[in-house]
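Got your viewer open? Let's take a walk through this one together, one selection at a time.

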Amino acid sequence: MSFSTSGPALDMTLTGARVLRPEGWGGDALCLSGGLISEAADGRQVDLAGCLVLPGLIDVHGDGFERHMAPRRGALREAENGVIATAAELAVNGITTGVMAQFFSWEGGMRSPEFAASVFNAVGAVRDSVAVDLQLQLRLETHMMDDFPRVLEMIAAHDISYVVLNDHLPHQRLSEGRKPPRLTGQALKSGRSPETHLALMQDLHARGGEVPAAVAALCKALMAQGIRLGSHDDRTAEARADWRSKGVLVSEFPETAEAARAARQGGDAIVLGAPNVVRGASHAGNASATELVREGLCDALASDYHYPAMRQAVWRLVDQDILPLEEAWALVSSGPARVLGLADRGALAPGLRADLVVLEEDTRRVGAVISGGQVAYMTGRVASRFLA
(Lines give C-alpha, C1' and ligand atoms only; values in the text may rest on other atoms or scores of the structure.)
Protein backbone atom coordinates (compact mmCIF):
# COMPACT_ATOMS: atom_id res chain seq x y z
CA MET A 1 0.00 0.00 0.00
CA SER A 2 1.40 3.41 -0.95
CA PHE A 3 0.39 6.90 0.07
CA SER A 4 0.93 10.37 -1.31
CA THR A 5 4.01 12.22 -0.16
CA SER A 6 2.31 15.61 -0.42
CA GLY A 7 2.18 16.11 3.35
CA PRO A 8 1.82 14.47 6.76
CA ALA A 9 -1.22 12.36 7.49
CA LEU A 10 -3.71 13.68 10.03
CA ASP A 11 -4.00 12.05 13.44
CA MET A 12 -7.37 13.08 14.83
CA THR A 13 -10.77 11.94 16.03
CA LEU A 14 -13.94 13.17 14.32
CA THR A 15 -16.92 13.42 16.66
CA GLY A 16 -20.56 14.47 16.54
CA ALA A 17 -21.25 13.55 12.90
CA ARG A 18 -23.36 10.80 11.43
CA VAL A 19 -20.82 8.33 10.04
CA LEU A 20 -21.58 5.84 7.26
CA ARG A 21 -19.79 2.62 8.17
CA PRO A 22 -20.06 -0.79 6.48
CA GLU A 23 -22.72 -1.84 9.00
CA GLY A 24 -24.74 1.36 8.50
CA TRP A 25 -25.11 4.79 10.08
CA GLY A 26 -23.63 5.53 13.48
CA GLY A 27 -22.90 8.49 15.69
CA ASP A 28 -19.69 7.16 17.17
CA ALA A 29 -16.34 8.85 16.69
CA LEU A 30 -14.21 8.17 13.61
CA CYS A 31 -10.50 7.94 14.33
CA LEU A 32 -7.73 8.66 11.82
CA SER A 33 -4.11 7.70 12.39
CA GLY A 34 -1.16 7.28 10.06
CA GLY A 35 -3.27 7.63 6.93
CA LEU A 36 -5.70 4.89 8.00
CA ILE A 37 -9.00 4.51 9.79
CA SER A 38 -8.11 3.51 13.33
CA GLU A 39 -9.95 1.81 16.17
CA ALA A 40 -8.32 3.92 18.87
CA ALA A 41 -8.82 7.65 19.37
CA ASP A 42 -5.74 9.65 18.46
CA GLY A 43 -4.76 13.30 18.17
CA ARG A 44 -7.08 16.25 18.61
CA GLN A 45 -10.85 16.01 18.43
CA VAL A 46 -12.88 17.80 15.77
CA ASP A 47 -16.59 18.38 16.40
CA LEU A 48 -18.53 17.77 13.18
CA ALA A 49 -22.06 17.97 14.58
CA GLY A 50 -24.53 18.61 11.77
CA CYS A 51 -22.35 16.83 9.22
CA LEU A 52 -22.30 13.51 7.41
CA VAL A 53 -19.02 11.61 7.13
CA LEU A 54 -18.95 9.15 4.24
CA PRO A 55 -16.35 7.11 2.34
CA GLY A 56 -14.45 9.03 -0.32
CA LEU A 57 -15.75 8.65 -3.85
CA ILE A 58 -13.90 6.32 -6.22
CA ASP A 59 -14.25 7.24 -9.88
CA VAL A 60 -13.61 4.19 -12.06
CA HIS A 61 -13.76 6.10 -15.35
CA GLY A 62 -13.41 9.82 -15.89
CA ASP A 63 -12.19 11.85 -18.84
CA GLY A 64 -13.18 15.28 -17.58
CA PHE A 65 -9.47 15.97 -17.16
CA GLU A 66 -9.24 16.75 -20.87
CA ARG A 67 -10.48 20.31 -20.35
CA HIS A 68 -7.56 20.91 -17.98
CA MET A 69 -5.00 19.32 -20.28
CA ALA A 70 -6.09 21.20 -23.39
CA PRO A 71 -8.59 23.98 -22.67
CA ARG A 72 -8.57 24.87 -26.38
CA ARG A 73 -7.83 22.83 -29.46
CA GLY A 74 -4.11 22.70 -29.96
CA ALA A 75 -3.33 24.10 -26.49
CA LEU A 76 -1.54 21.01 -25.26
CA ARG A 77 1.25 22.55 -23.20
CA GLU A 78 1.77 22.54 -19.44
CA ALA A 79 0.41 19.01 -19.04
CA GLU A 80 1.63 18.70 -15.47
CA ASN A 81 -0.33 21.77 -14.41
CA GLY A 82 -3.36 20.22 -16.06
CA VAL A 83 -3.00 17.11 -13.91
CA ILE A 84 -2.67 19.23 -10.76
CA ALA A 85 -5.85 21.10 -11.73
CA THR A 86 -7.58 17.78 -12.32
CA ALA A 87 -6.63 16.55 -8.85
CA ALA A 88 -8.06 19.74 -7.38
CA GLU A 89 -11.35 19.29 -9.23
CA LEU A 90 -11.58 15.68 -8.12
CA ALA A 91 -11.09 16.71 -4.50
CA VAL A 92 -13.69 19.51 -4.66
CA ASN A 93 -16.20 16.87 -5.75
CA GLY A 94 -15.31 14.40 -3.00
CA ILE A 95 -13.37 12.03 -5.24
CA THR A 96 -10.40 10.56 -3.38
CA THR A 97 -9.44 8.01 -6.05
CA GLY A 98 -9.74 9.06 -9.67
CA VAL A 99 -9.10 6.79 -12.64
CA MET A 100 -8.13 8.98 -15.58
CA ALA A 101 -9.45 7.27 -18.72
CA GLN A 102 -7.20 8.14 -21.66
CA PHE A 103 -7.75 7.02 -25.24
CA PHE A 104 -5.15 5.29 -27.38
CA SER A 105 -6.92 5.70 -30.68
CA TRP A 106 -6.69 6.19 -34.42
CA GLU A 107 -9.00 9.18 -33.89
CA GLY A 108 -5.96 11.36 -33.24
CA GLY A 109 -5.74 14.68 -31.42
CA MET A 110 -6.43 14.26 -27.71
CA ARG A 111 -7.15 10.59 -28.37
CA SER A 112 -3.87 9.88 -30.10
CA PRO A 113 -1.10 7.61 -28.78
CA GLU A 114 1.17 10.67 -28.56
CA PHE A 115 -1.29 12.56 -26.39
CA ALA A 116 -1.77 9.47 -24.24
CA ALA A 117 1.96 9.35 -23.62
CA SER A 118 1.99 13.01 -22.59
CA VAL A 119 -0.87 12.46 -20.13
CA PHE A 120 0.72 9.39 -18.60
CA ASN A 121 4.08 11.15 -18.26
CA ALA A 122 2.45 14.14 -16.61
CA VAL A 123 0.53 11.99 -14.14
CA GLY A 124 3.71 10.13 -13.26
CA ALA A 125 5.51 13.41 -12.64
CA VAL A 126 2.98 14.89 -10.18
CA ARG A 127 0.89 12.06 -8.70
CA ASP A 128 3.03 11.88 -5.53
CA SER A 129 2.61 15.61 -4.90
CA VAL A 130 -1.21 15.63 -4.72
CA ALA A 131 -3.42 14.13 -2.03
CA VAL A 132 -5.96 12.51 -4.37
CA ASP A 133 -4.91 9.07 -5.64
CA LEU A 134 -4.60 9.34 -9.43
CA GLN A 135 -4.77 6.07 -11.36
CA LEU A 136 -4.69 5.37 -15.09
CA GLN A 137 -6.93 3.60 -17.53
CA LEU A 138 -5.88 3.04 -21.14
CA ARG A 139 -8.79 3.00 -23.58
CA LEU A 140 -7.62 1.06 -26.59
CA GLU A 141 -9.20 0.94 -30.02
CA THR A 142 -9.39 -2.71 -31.03
CA HIS A 143 -8.37 -2.16 -34.65
CA MET A 144 -4.99 -0.62 -33.78
CA MET A 145 -3.34 -4.04 -33.98
CA ASP A 146 -0.02 -2.75 -35.28
CA ASP A 147 0.32 -0.69 -32.10
CA PHE A 148 -0.34 -3.50 -29.63
CA PRO A 149 3.40 -3.97 -28.86
CA ARG A 150 3.65 -0.24 -28.11
CA VAL A 151 0.58 -0.53 -25.89
CA LEU A 152 2.20 -3.28 -23.84
CA GLU A 153 5.33 -1.15 -23.40
CA MET A 154 3.27 1.86 -22.33
CA ILE A 155 1.29 -0.17 -19.80
CA ALA A 156 4.49 -1.47 -18.23
CA ALA A 157 6.21 1.92 -18.23
CA HIS A 158 3.35 3.75 -16.52
CA ASP A 159 2.06 1.07 -14.15
CA ILE A 160 -1.36 1.00 -15.83
CA SER A 161 -3.59 -1.63 -14.23
CA TYR A 162 -6.85 -1.15 -16.17
CA VAL A 163 -7.39 -1.42 -19.94
CA VAL A 164 -10.73 -0.88 -21.64
CA LEU A 165 -11.34 -1.94 -25.23
CA ASN A 166 -13.34 0.23 -27.64
CA ASP A 167 -14.30 0.13 -31.29
CA HIS A 168 -15.40 3.54 -32.57
CA LEU A 169 -15.07 2.82 -36.29
CA PRO A 170 -18.32 3.58 -38.18
CA HIS A 171 -18.38 0.11 -39.72
CA GLN A 172 -21.80 0.26 -41.34
CA ARG A 173 -21.06 3.46 -43.23
CA LEU A 174 -17.64 2.21 -44.27
CA SER A 175 -19.00 -1.13 -45.46
CA GLU A 176 -21.58 0.76 -47.54
CA GLY A 177 -18.87 2.92 -49.09
CA ARG A 178 -20.35 6.07 -47.60
CA LYS A 179 -18.58 8.86 -45.75
CA PRO A 180 -19.13 8.80 -41.98
CA PRO A 181 -21.04 11.72 -40.46
CA ARG A 182 -19.05 14.66 -39.08
CA LEU A 183 -15.98 13.51 -41.05
CA THR A 184 -14.56 17.01 -41.56
CA GLY A 185 -14.85 17.98 -37.92
CA GLN A 186 -13.26 14.74 -36.74
CA ALA A 187 -10.47 15.11 -39.27
CA LEU A 188 -9.71 18.63 -38.01
CA LYS A 189 -9.48 17.35 -34.43
CA SER A 190 -7.08 14.65 -35.57
CA GLY A 191 -4.87 17.10 -37.47
CA ARG A 192 -5.50 15.27 -40.76
CA SER A 193 -7.27 16.19 -43.95
CA PRO A 194 -10.73 14.64 -44.37
CA GLU A 195 -9.38 12.48 -47.21
CA THR A 196 -6.48 11.16 -45.13
CA HIS A 197 -8.72 10.53 -42.11
CA LEU A 198 -11.25 8.62 -44.21
CA ALA A 199 -8.52 6.53 -45.85
CA LEU A 200 -7.21 5.56 -42.42
CA MET A 201 -10.65 4.46 -41.27
CA GLN A 202 -11.17 2.48 -44.47
CA ASP A 203 -7.84 0.68 -44.05
CA LEU A 204 -8.60 -0.23 -40.43
CA HIS A 205 -12.10 -1.39 -41.33
CA ALA A 206 -10.75 -3.58 -44.13
CA ARG A 207 -8.60 -5.50 -41.62
CA GLY A 208 -11.55 -6.36 -39.42
CA GLY A 209 -11.08 -10.07 -39.95
CA GLU A 210 -7.73 -9.94 -38.15
CA VAL A 211 -9.08 -8.22 -35.08
CA PRO A 212 -10.65 -11.05 -33.02
CA ALA A 213 -7.50 -13.18 -32.89
CA ALA A 214 -5.24 -10.19 -32.28
CA VAL A 215 -7.44 -8.89 -29.45
CA ALA A 216 -7.70 -12.34 -27.89
CA ALA A 217 -3.91 -12.65 -27.86
CA LEU A 218 -3.55 -9.18 -26.36
CA CYS A 219 -6.10 -9.94 -23.64
CA LYS A 220 -4.26 -13.13 -22.78
CA ALA A 221 -0.99 -11.22 -22.44
CA LEU A 222 -2.61 -8.52 -20.30
CA MET A 223 -4.33 -11.02 -18.01
CA ALA A 224 -1.00 -12.76 -17.46
CA GLN A 225 0.24 -9.43 -16.07
CA GLY A 226 -2.76 -9.04 -13.78
CA ILE A 227 -4.27 -6.20 -15.82
CA ARG A 228 -7.99 -5.59 -15.28
CA LEU A 229 -9.91 -5.60 -18.58
CA GLY A 230 -13.15 -3.90 -19.56
CA SER A 231 -15.27 -3.42 -22.65
CA HIS A 232 -17.07 -0.24 -23.62
CA ASP A 233 -20.62 0.27 -24.91
CA ASP A 234 -21.76 -3.37 -25.06
CA ARG A 235 -25.00 -3.69 -27.03
CA THR A 236 -25.86 -7.38 -27.06
CA ALA A 237 -25.68 -10.43 -24.81
CA GLU A 238 -23.56 -12.13 -27.46
CA ALA A 239 -21.01 -9.32 -27.46
CA ARG A 240 -20.74 -9.44 -23.66
CA ALA A 241 -20.31 -13.22 -23.73
CA ASP A 242 -17.56 -12.86 -26.32
CA TRP A 243 -15.72 -10.35 -24.16
CA ARG A 244 -16.13 -12.57 -21.12
CA SER A 245 -14.57 -15.47 -23.00
CA LYS A 246 -11.48 -13.27 -23.50
CA GLY A 247 -11.24 -12.44 -19.79
CA VAL A 248 -12.81 -8.99 -20.17
CA LEU A 249 -14.93 -8.94 -17.03
CA VAL A 250 -15.99 -5.29 -16.69
CA SER A 251 -18.83 -3.92 -18.81
CA GLU A 252 -18.52 -0.14 -18.99
CA PHE A 253 -21.60 1.83 -19.99
CA PRO A 254 -23.64 -0.99 -21.60
CA GLU A 255 -25.92 0.62 -24.15
CA THR A 256 -28.84 -1.77 -23.69
CA ALA A 257 -30.62 -3.50 -20.84
CA GLU A 258 -29.98 -6.78 -22.68
CA ALA A 259 -26.22 -6.31 -22.43
CA ALA A 260 -26.42 -5.22 -18.79
CA ARG A 261 -28.54 -8.24 -17.85
CA ALA A 262 -26.12 -10.53 -19.66
CA ALA A 263 -23.26 -9.00 -17.69
CA ARG A 264 -25.07 -9.56 -14.41
CA GLN A 265 -25.97 -13.15 -15.30
CA GLY A 266 -22.34 -13.82 -16.24
CA GLY A 267 -21.00 -12.36 -13.00
CA ASP A 268 -19.35 -9.40 -14.72
CA ALA A 269 -19.01 -5.95 -13.14
CA ILE A 270 -21.25 -3.21 -14.54
CA VAL A 271 -20.19 0.44 -14.65
CA LEU A 272 -22.76 3.10 -15.55
CA GLY A 273 -22.41 6.80 -16.22
CA ALA A 274 -23.44 9.15 -13.43
CA PRO A 275 -24.34 11.91 -15.95
CA ASN A 276 -26.92 9.52 -17.41
CA VAL A 277 -28.57 9.29 -13.96
CA VAL A 278 -28.43 13.06 -13.48
CA ARG A 279 -29.96 13.73 -16.89
CA GLY A 280 -32.58 11.06 -16.40
CA ALA A 281 -31.59 9.53 -19.72
CA SER A 282 -28.62 8.81 -21.96
CA HIS A 283 -27.52 11.76 -24.11
CA ALA A 284 -27.01 9.25 -26.95
CA GLY A 285 -30.41 7.58 -26.63
CA ASN A 286 -29.11 4.42 -24.97
CA ALA A 287 -30.48 2.60 -21.94
CA SER A 288 -31.43 4.71 -18.93
CA ALA A 289 -28.86 4.28 -16.17
CA THR A 290 -31.55 5.11 -13.61
CA GLU A 291 -33.67 2.20 -14.77
CA LEU A 292 -30.66 -0.12 -14.80
CA VAL A 293 -29.87 0.91 -11.22
CA ARG A 294 -33.48 0.31 -10.26
CA GLU A 295 -33.14 -3.19 -11.72
CA GLY A 296 -29.96 -3.86 -9.74
CA LEU A 297 -27.76 -3.75 -12.84
CA CYS A 298 -25.04 -1.44 -11.54
CA ASP A 299 -21.91 -1.97 -9.49
CA ALA A 300 -20.39 1.48 -9.90
CA LEU A 301 -21.36 4.93 -11.11
CA ALA A 302 -18.55 6.77 -12.91
CA SER A 303 -18.13 10.47 -13.58
CA ASP A 304 -17.61 9.79 -17.30
CA TYR A 305 -17.19 13.36 -18.60
CA HIS A 306 -18.40 15.40 -15.58
CA TYR A 307 -16.85 14.98 -12.12
CA PRO A 308 -19.70 16.59 -10.10
CA ALA A 309 -22.15 14.07 -11.56
CA MET A 310 -21.18 11.32 -9.12
CA ARG A 311 -22.54 13.14 -6.05
CA GLN A 312 -25.43 14.55 -8.05
CA ALA A 313 -26.42 11.07 -9.19
CA VAL A 314 -26.41 9.78 -5.62
CA TRP A 315 -28.81 12.46 -4.46
CA ARG A 316 -31.02 12.01 -7.50
CA LEU A 317 -31.39 8.30 -6.69
CA VAL A 318 -32.13 9.17 -3.06
CA ASP A 319 -34.61 11.97 -3.80
CA GLN A 320 -36.49 9.77 -6.28
CA ASP A 321 -36.78 7.03 -3.62
CA ILE A 322 -34.91 4.60 -5.86
CA LEU A 323 -32.25 3.82 -3.24
CA PRO A 324 -31.54 4.84 0.36
CA LEU A 325 -28.46 7.00 0.79
CA GLU A 326 -26.26 4.20 2.10
CA GLU A 327 -26.99 2.02 -0.96
CA ALA A 328 -26.67 4.88 -3.42
CA TRP A 329 -23.36 5.94 -1.85
CA ALA A 330 -22.06 2.38 -2.22
CA LEU A 331 -22.29 2.86 -5.99
CA VAL A 332 -19.61 5.55 -5.76
CA SER A 333 -17.46 4.06 -2.99
CA SER A 334 -17.41 0.37 -2.03
CA GLY A 335 -18.83 -0.73 -5.39
CA PRO A 336 -16.12 0.96 -7.46
CA ALA A 337 -13.49 -0.34 -5.04
CA ARG A 338 -14.60 -3.90 -5.78
CA VAL A 339 -14.68 -3.25 -9.54
CA LEU A 340 -11.09 -2.03 -9.42
CA GLY A 341 -9.91 -4.65 -6.95
CA LEU A 342 -8.93 -2.00 -4.39
CA ALA A 343 -9.37 -3.85 -1.11
CA ASP A 344 -7.74 -1.06 0.92
CA ARG A 345 -10.49 1.55 0.44
CA GLY A 346 -14.16 2.19 -0.28
CA ALA A 347 -15.46 2.00 3.31
CA LEU A 348 -14.86 3.60 6.69
CA ALA A 349 -13.48 0.58 8.54
CA PRO A 350 -10.40 0.11 10.72
CA GLY A 351 -7.25 -0.62 8.72
CA LEU A 352 -8.53 0.89 5.48
CA ARG A 353 -7.25 4.10 3.89
CA ALA A 354 -8.53 7.25 5.55
CA ASP A 355 -10.45 8.38 2.47
CA LEU A 356 -13.55 10.33 3.46
CA VAL A 357 -15.92 13.14 2.59
CA VAL A 358 -17.52 15.49 5.09
CA LEU A 359 -20.85 16.88 3.92
CA GLU A 360 -22.92 19.63 5.49
CA GLU A 361 -26.11 17.71 6.21
CA ASP A 362 -28.43 20.68 5.62
CA THR A 363 -26.93 21.83 2.30
CA ARG A 364 -25.31 18.56 1.11
CA ARG A 365 -22.23 20.58 0.18
CA VAL A 366 -18.75 19.14 0.42
CA GLY A 367 -17.01 20.75 3.39
CA ALA A 368 -13.88 18.63 3.59
CA VAL A 369 -12.19 15.78 1.75
CA ILE A 370 -9.44 13.67 3.26
CA SER A 371 -7.50 11.25 1.07
CA GLY A 372 -5.02 8.83 2.57
CA GLY A 373 -5.25 10.82 5.80
CA GLN A 374 -4.26 14.08 4.08
CA VAL A 375 -6.37 17.14 3.47
CA ALA A 376 -7.35 17.25 -0.19
CA TYR A 377 -10.02 19.96 0.14
CA MET A 378 -11.57 22.00 2.95
CA THR A 379 -13.84 25.04 2.98
CA GLY A 380 -16.50 27.06 4.76
CA ARG A 381 -18.20 26.05 7.98
CA VAL A 382 -16.56 22.63 8.03
CA ALA A 383 -13.07 24.09 7.64
CA SER A 384 -13.69 26.32 10.65
CA ARG A 385 -14.36 23.20 12.74
CA PHE A 386 -11.00 21.71 11.81
CA LEU A 387 -9.19 25.00 12.44
CA ALA A 388 -10.93 25.83 15.73
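Start by selecting Leu-54 and look across to strand 16: the residue standing opposite is Val-357. Before we go on, keep in mind that this is a predicted model.

Now widen the selection to residues 51-55, which make up strand 7, and residues 356-360, which make up strand 16. These two strands run antiparallel, and 5 bridges join them.

Next, bring in the rest of the sheet. How many strands does this open sheet have, and in what order? There are 6, arranged 3-2-7-16-17-18, and the pairing is mixed. Select 24-26 for strand 3 and 374-378 for strand 18, and you're at the edges. Each of these has a single partner strand, so one side of each has no neighbour in the sheet. If you compare neighbouring strands here, they're turned by 20° against each other on average, ignoring direction.

Keep the sheet on screen and add residues 380-387. That's helix 16, which lies across strand 7, strand 16, strand 17 and strand 18. Line it up with strand 17 (366-371) and you'll find the helix running at about 55° to that strand.

Time for another helix: select 309-319, helix 13. Is this helix mostly covered or mostly open? Mostly covered, with 8 of its 11 residues buried. Among the buried ones are Met-310, Val-314, Trp-315 and Leu-317, and Arg-311 is on the list too. Residues three or four places apart on an α-helix point the same way, because there are 3.6 residues a turn. Just after helix 13, click on Asp-321, where phi is positive, near 60°.

Last stop: charged side chains. The structure holds 22 salt bridges, so to speak a whole collection to browse.

- Select Arg-111 and Glu-107: their closest N and O atoms are 2.9 Å apart. Arg-111 is partly exposed at 30% relative accessibility, whereas Glu-107 is buried at 16%.
- Select Arg-345 and Asp-344, which meet in a salt bridge at 2.9 Å, N to O. Arg-345 is buried, with a relative accessible area of 8%, and Asp-344 is buried as well, at 16%.
- Select Asp-355 and Arg-353, another salt bridge with a 2.9 Å gap between the closest N and O atoms. Why do both partners count as buried? Buried means under 20% relative accessible area; Asp-355 has 4% and Arg-353 has 3%.

To finish, select Asp-234, Arg-240, Arg-244 and Asp-268 together: salt bridges link them in a network.

Definitions and conventions
Residues numbered from 1 in each chain as written. Predicted model: local features only at pLDDT ≥ 70, side-chain atom pairs only at ≥ 80, totals over all residues. Heavy atoms only, no water. Salt bridge = Lys/Arg side-chain N within 4 Å of Asp/Glu carboxyl O. Buried < 20%, exposed > 50% of the residue type's maximum accessible area, 1.4 Å probe, protein only. Helix = DSSP H or I, 4+ residues; strand = E, 2+ residues; numbered from the N terminus. Pairing = 2+ DSSP bridges. Axes fitted to C-alpha atoms, helices over the stretch in contact; angles between N-to-C directions. Contact = heavy atoms within 4.5 Å.
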